[in-house]
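Here is a short tour to follow in your viewer. Load the model, switch on side chains, and select each stop as we reach it.

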Amino acid sequence: MATAEATLDEEPKKRSKKPLVVGLALALVLGGVGFYATFSGLILGGGGHEPADHGPGPLTGVAFVPLPTIVVSLGPDSGSEHLRFTAQLEVVDTAQADVATLSPRILDVLNSYLRAIDSASIEDPQAMARLRAQMLRRIQVVTGEGRVRDLLITEFVLN
């Protein structure tokens, strides 16, 4: 019984923390080496990086065609009397003259569409993206594919 009491009184042997510290240091060094190799392009391709001091290049391939303001009278069930709509078309620069020539037909399509849609959908703030997409698709049908990139609505006022 005396031997049992003696073993209980002794403190357990402490383990060395040396392997933990060495493992942590090794992990940090390997992590740094891996970061450097990836960042410098030695691993995962990358090749050469262009210097960051280059500014943006010249803007080519884009032109804008302004459309005249369209005023559409809304129905009696609407909370507003008129819609004033102004937009610009983002076009391929080589098609700018062609799209400008077709602007009366574009205005006709937009005017017909804006008069035909329900006034509640015009007044709904979340419907702007849907209206814009519908108008852009109609414009692209009139002008032909590949000429008009986007419809930029600059004024959409209900009064």
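Is Phe 39 buried or exposed? Phe 39 counts as exposed, at 58% relative accessibility (buried means under 20% relative accessible area, exposed over 50%, partly exposed in between, with a 1.4 Å probe and protein chains only).

Before moving on, note that this is a predicted model, in which local features need pLDDT of at least 70, side-chain atom pairs count only at pLDDT 80 or more, and totals for chains, interfaces and linings use all residues. Residues are numbered from 1 along each chain as its sequence is written, and side-chain values use heavy atoms, leaving out hydrogens and water.

Next, look for ring contacts: there are 2 aromatic pairs in the structure (rings of Phe, Tyr and Trp, the last by its six-membered ring, pair if their centres lie within 6.5 Å; planes under 30 degrees apart are stacked, over 60 edge-to-face, the rest tilted). Select Phe 35 together with Phe 39: the ring centres are 5.7 Å apart and the planes at 15 degrees, so this pair is stacked. Both sit in helix 2 (residues 18-40), 4 residues apart, or about one helical turn (helices, H or I, of at least four residues and strands, E, of at least two are DSSP runs numbered from the N terminus). Phe 35 is exposed, at 57% relative accessibility.

Now select Phe 85 and Phe 156, an edge-to-face pair with 6.2 Å centre to centre and 90 degrees between the planes. Phe 85 belongs to strand 3 (residues 82-92) and Phe 156 to strand 4 (residues 148-158), so the pair ties together parts 71 residues apart in sequence. Phe 85 is buried, with a relative accessible area of 1%.

Last stop: Leu 42, in the loop between helix 2 and strand 1 (62-66), is exposed at 66% relative accessible area.
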